[in-house]
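Biologist: Please take one residue of this model and look at it closely, then go on to the helices, the sheet and the interface.

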Amino acid sequence: MNHLELAYRNLKRRRARSILTILGVAFAVGSFITLYGLSRSVHENVERSFDEHGTDLTVKRRGIAEPFGGTIPEELIPEIAKIPGVEDVAGQLLTFAATDNDDNVLASGWSPDSFYWTTAPLKAGRLPNPDESRVALIGSEIARTLDKKIGDDVTLLGEKFKIVGLTDFHSIINRNQVIVKLADLQELTFRTGAVTFLSIKLKNPGDEAEADRVSQAIEALDKLTASPSEGMLRNDSLFGLLTAVSTSMAWVALFMGVLMVLNTLLMAVLERTREIGILSAIGWSKERIMLALIIEGFILSAFGALVGIALGMAGSKFLSAIPAIGRYVAVEPTVPLIAVTAFAAMVLGILGSFYPAWVATRASPAAALERA
Amino acid sequence: MTSRHLLQLDHVGHAFDEGRIVALKDINLDFDEGESAAILGASGSGKTTLILIMCGIRTPTRGVLRWKGQPITTLRQWTDLRRTEIGIVFQDFNLFSTLTAAENVEVAMFGSSAGTAERKRRVEAALGTVGLADRATHLPQELSGGERQRVAIARSIINDPKLILADEPTGNLDSKNAMAILDLLFDLQKARGSTLVMVSHAPDQARRCARQVNMKDGEVINENAPVAREEAL
């Protein structure tokens with residue numbers, strides 16, 4: 001029997017307390033992974049949805065904090081297309097639109113000559129013809145949710161659109177999008193001649209200096225802001241609020257979890273003062289006793305971290321399965337997030353055991369043995 | 001410096017509550033290798049405090065203790081002695097409820113250089129010596145009071161100590177088990193040539209020791225003259 005085996009036997013035979021401590025660590029780790037993962041995934045999913053179209057720069061109205069609130073006049077598109085370094089420009093009108101059964105879907109309007117059409121991965125059906133109106137491409141995920149197939153009608157803002165194609169994008173936002181002709185959506189939203197975003201394709205996408213020059217040229221045109229997709233949500237107050245809320249919740253969950261775990265570890269050690277006295281009486285040094293207690297704390301936190309990772313993954317799946325979240329965000333905790341959180345939990349287990357172990361071993365063996 | 005004495009107490013005293021309660025007053029005692037001694041006295045006479053001081057679990061507020069002539073001044077020295085030279089048997093067994101009988105014995109070997117096989121062999125031997133070879137895998141709560149004290153005795157001898165201190169080892173046992181535990185302790189003491197110092201308030205038990213130390217109000221009142229049982233109680 002070595003220290004590890006001794007710790008394992010102690011924990012195994014105090015099953016209820018060990019399980020509760022492990023669950024405490026697990027909930028702290030799991031909550032943090034889920035909630036922090038949610039806040040990170042919001043950004044990543046939006047970026048991914050633009051990147052999937054080959055967008056190098058995204059242009060939006062400067063000063064409008066809400067994502068779909070700003071509009072850009074379409075007549076700026078030819079002007080921007082003339083800027084040196086710009087390969088192509090596509091306008092996109094985005095809005096949440098009421099559909100059947102009081103549900104909402106993300107509707108996207110693309111102009112007939114947009115390069116977006118060339119990036120749409122068709123799973124079935126076809127692209128709309130240039131002269132067609134009130135036709136739609138439907139994302140694979142929203143088609144499944146709404147139980148729609150090619151040939152069916154989908155209602156957007158009270159108007160019926162015939163589904164002619166089924167898209168199979170990678171990003172969850174695009175998979176839940178209904179794509180229609182720009183003119184149709186402009187008409188339904190009373191935004192004739194306006195788009196929400198402009199997507200820019202650069203001639204040399206890897207040339208950061210050129211990207212900066214193009215951004216400056218666009219921003220000089222009118223009250224516009226141009227940025228790579230990873231930076232486009234930086235000043236967006238709605239996404240900012242969502243991120244702040246989920247991040248705050250993650251930290252609150254972590255803080256509460258940490259307190260709970262520290263309290264549990266403290267109690268676990270202090271309730272064993274007499275045992276510590278016995279160990280001292282049979283010749284265990286303070287260092288050896290502390291080592292034994294810290295190993296127990298480490299084992300508990302390591303198991304807690306493992307269970308917490310599983311809970312975090314399950315929690316992420318659960319959040320992704322909630323329609324209001326899952327249609328736009330695939331909550332996917334990253335490996336670094338999981339690794340850092342699990343590592344932090346184990347360090348916490350060691351540090352959390354260190355203090356009570358230190359306190360407990362400072363007590364005189366006689367006083368410890370006198371404890372009932 | 002070497003000494004024929006195993007453990008010496010020179011003017012040892014102990015007070016609690018910042019000196020307001022004096023538990024031991026100027027104790028001068030020597031214990032030789034291989035001897036058996038009983039410390040007798042009524043409750044509150046200071047005998048348990050004395051035995052805890054004799055193993056370093058309690059630190060005296062005055063005086064010096066010497067092991068084989070060398071003064072023991074640090075907690076580290078006492079820890080090392082308890083690991084290698086001093087075995088302790090408590091009245092209330094002090095076993096770990098989460099460990100089996102064998103594990104309770106083995107836990108006293110942590111820090112020794114013995115390998116896994118050697119430990120196992122010695123644990124089996126110790127349990128065999130106390131007659132519990134067949135109870136090795138039982139938890140303390142699955143053992144009788146007498147069996148628990150046997151496990152505690154096995155633990156106390158596992159490192160082959162020179163000195164065994166027993167603080168009222170039969171205090172929680174019925175008379176039959178008490179007699180068996182005493183027989184075991186004295187057999188071990190004789191077989192191993194170790195020193196046995198036992199706290200008791202039962203003169204009939206104390207008479208089995210070669211030497212009796214009578215205490216009253218924190219002082220040694222006499223030696224080798226067991227007091228009557230009624231008086232001790």
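Modeller: Exposure is graded by counting other C-beta atoms, placed from the backbone, within 10 Å of a residue's own: 20 or more make it buried, 12 or fewer exposed, and anything in between partly exposed. Asp100(A) has 14 C-beta neighbours inside 10 Å and therefore counts as partly exposed. The model is predicted, so local features need pLDDT of at least 70 and side-chain atom pairs count only at pLDDT 80 or more, while totals for chains, interfaces and linings use all residues. Residues are numbered from 1 along each chain as its sequence is written, and chains are lettered from A and ligands numbered from 1 in the order in which they are written.

Asp100(A) sits in the loop that joins β3 (86–98) to β4 (104–110) of chain A; strands (E, at least two residues) and helices (H or I, at least four) are DSSP runs numbered from the N terminus. Leaving aside residues up to four places away in sequence, Asp100(A) touches Leu146(A) and Thr155(A), where contact requires C-beta atoms, placed from the backbone, within 7 Å. From Asp100(A) to Tyr355(A) the C-alpha separation is 59 Å, with their positions 255 residues apart in sequence.

Now the helices. The axes of α2 (residues 15–51) and α13 (residues 335–362) of chain A come within 10 Å and cross at roughly 150 degrees; axes are lines fitted to C-alpha atoms over the stretch in contact, with angles from 0 to 180 degrees between N-to-C directions. The angle makes α2(A) roughly antiparallel to α13(A), a label for values over 145 degrees. On the α2(A) side the contact includes Phe32(A), Tyr36(A) and Arg40(A), and on the α13(A) side Leu337(A), Ala345(A) and Gly349(A) are among the residues.

In chain B, four strands form an open antiparallel sheet in the order β2-β1-β4-β5; two strands pair if DSSP finds at least two bridges between them. β2 (21–32) and β5 (70–71) of chain B stand at the edges with a single partner strand each, so one side of each has no neighbour in the sheet. Two antiparallel bridges link β4 (residues 62–67) of chain B to β5(B), and Trp67(B) has Gln70(B) of β5(B) as its bridge partner.

Last, the interface: 18 residues of chain B are in contact with 17 residues of chain A. The chain B side takes two or more residues from each of α2 (75–84) and α3 (101–106) of chain B, and α2(B) gives the most, three residues.

Conventions
Two residues are in contact if their C-beta atoms, placed from the backbone, lie within 7 Å. Angles under 35 degrees count as roughly parallel, over 145 as roughly antiparallel, 65 to 115 as roughly perpendicular and the rest as oblique.
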